[in-house]
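Ready for some practice in reading a structure? Work through the exercises below with the model open beside you, and try each task before you look at its solution.

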Amino acid sequence: MKKFRILGVLAIIVIVVEFIFSFAVGWESASDSFMEGYNSVYENRFYQTASVDLKPLSDTRLDSLSNSLSKENVPYKIEKIRVPIVPSVWTSIITFFGVFFTFALLIGLYCLIRLFISISKRDVFTGRNVLRIRIFTYSLVAFSFLNSLTEWFNYLEVTKQIVLPGYEVKSFEMSADWLLLVIVVLFTEIFAVGVKLKQEQDLTI
């Protein structure tokens with residue numbers, strides 16, 4: 001049980017530190033995107049930024065940069081760009097609902113911290129912890145799904161609106177690791193079944 005307490009405290013520290021850094025980076029990115037969109041009003045249209053991966057065509061002549069160590073020009077290629085696009089109606093709708101899912105994710109993080117606090121107090125296999133881990137897991141899955149939809153619609157708009165001579169947009173890839181999310185859901189339900197079996201066993205004693 002002492003190991004549970006140590007792991008619980010370490011997990012809380014990691015989550016808090018990760019959340020602070022992610023919030024700082026996300027806030028800076030959101031601020032930049034807001035200013036780009038605010039300053040990019042043209043013909044009553046608001047723009048938002050989207051990122052896509054690129055690959056050069058076979059006949060593309062790559063540009064070069066100067067290497068300060070070798071004193072030579074070395075080639076480079078563009079692999080990712082961030083461009084302003086006119087968002088689709090679906091993207092605007094998803095962004096609206098994204099506010100609620102973000103709030104749900106914050107509640108899920110709070111439940112996860114409460115879960116680790118309970119574990120550090122040797123209070124592990126309880127119904128409350130099942131509820132906490134389920135809230136965190138499914139809020140994370142819902143947020144990831146909504147974010148993947150946004151990335152997909154932005155990808156479609158980039159391919160329709162942006163032309164970059166000599167390059168083509170790579171196939172769409174989601175940033176979310178769905179295999180990992182499925183594993184998290186699986187272990188969540190395994191934990192829930194374990195708690196239920198323990199409670200049934202306690203009643204039969």
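**Exercise 1.** In this predicted model, find which backbone oxygen the side chain of Thr-188 reaches, and decide whether Thr-188 is buried or exposed.

*Solution.*
- Step 1: Look for Thr-188 in helix H4, which covers residues 178-204.
- Step 2: Follow the side chain of Thr-188 to the backbone oxygen of Val-184, at 2.8 Å. A polar contact needs N or O atoms within 3.5 Å, and this pair is listed at 2.8 Å.
- Step 3: Check the surface. The relative accessible area of Thr-188 is 2%. Buried means under 20%, so Thr-188 is buried.
- Step 4: Look for neighbours, leaving aside residues up to four places away in sequence: Thr-188 touches Ile-133, Arg-134 and Thr-137.

**Exercise 2.** Now do the same for Asn-129: which helix holds Asn-129, and which backbone oxygen does its side chain reach?

*Solution.*
- Step 1: Asn-129 lies in helix H3, residues 127-161.
- Step 2: The side chain of Asn-129 reaches the backbone oxygen of Val-124 at 2.6 Å.
- Step 3: Asn-129 has 0% relative accessibility, so this residue counts as buried.
- Step 4: Not counting residues up to four places away in sequence, Asn-129 touches Leu-115, Ser-118, Asp-123, Val-124 and Phe-191.

**Exercise 3.** Work out how H3 and H4 pack: at what angle, and how far apart are their axes?

*Solution.*
- Step 1: The angle between H3 and H4 is about 165°, and their axes are 10 Å apart.
- Step 2: Angles over 145 degrees count as roughly antiparallel, so H3 is roughly antiparallel to H4.
- Step 3: The crossing of H3 past H4 is left-handed.
- Step 4: Find the residues that make the contact. Among them are Asn-129, Ile-133, Arg-134 and Thr-137 of H3, together with Val-184, Thr-188 and Phe-191 of H4. Several should look familiar from the exercises above.
- Step 5: Sort the contact residues of H3 and H4 by type: 13 are nonpolar, seven are polar and two are charged.

**Exercise 4.** Take Ile-93 and Thr-150: how many residues apart are they in sequence, and how far apart in space?

*Solution.*
- Step 1: Start at Ile-93, in helix H2 (residues 89-120).
- Step 2: In sequence, Ile-93 and Thr-150 are 57 residues apart.
- Step 3: In space, going from C-alpha to C-alpha, Ile-93 and Thr-150 are 9.7 Å apart.
- Step 4: Finish with accessibility. Ile-93 has a relative accessible area of 35%, so Ile-93 is partly exposed.

Notes. Residues numbered from 1 in each chain as written. Predicted model: local features only at pLDDT ≥ 70, side-chain atom pairs only at ≥ 80, totals over all residues. Heavy atoms only, no water. Helix = DSSP H or I, 4+ residues; strand = E, 2+ residues; numbered from the N terminus. Buried < 20%, exposed > 50% of the residue type's maximum accessible area, 1.4 Å probe, protein only. Polar contact = N/O pair within 3.5 Å; in protein donor to acceptor, adjacent residues only side chain to side chain. Contact = heavy atoms within 4.5 Å. Axes fitted to C-alpha atoms, helices over the stretch in contact; angles between N-to-C directions. Parallel < 35°, antiparallel > 145°, perpendicular 65-115°, else oblique. Left-handed = near helix turned anticlockwise from the far one by under 90°. Nonpolar A, V, L, I, M, F, W, Y, C, P; charged D, E, K, R; others polar.
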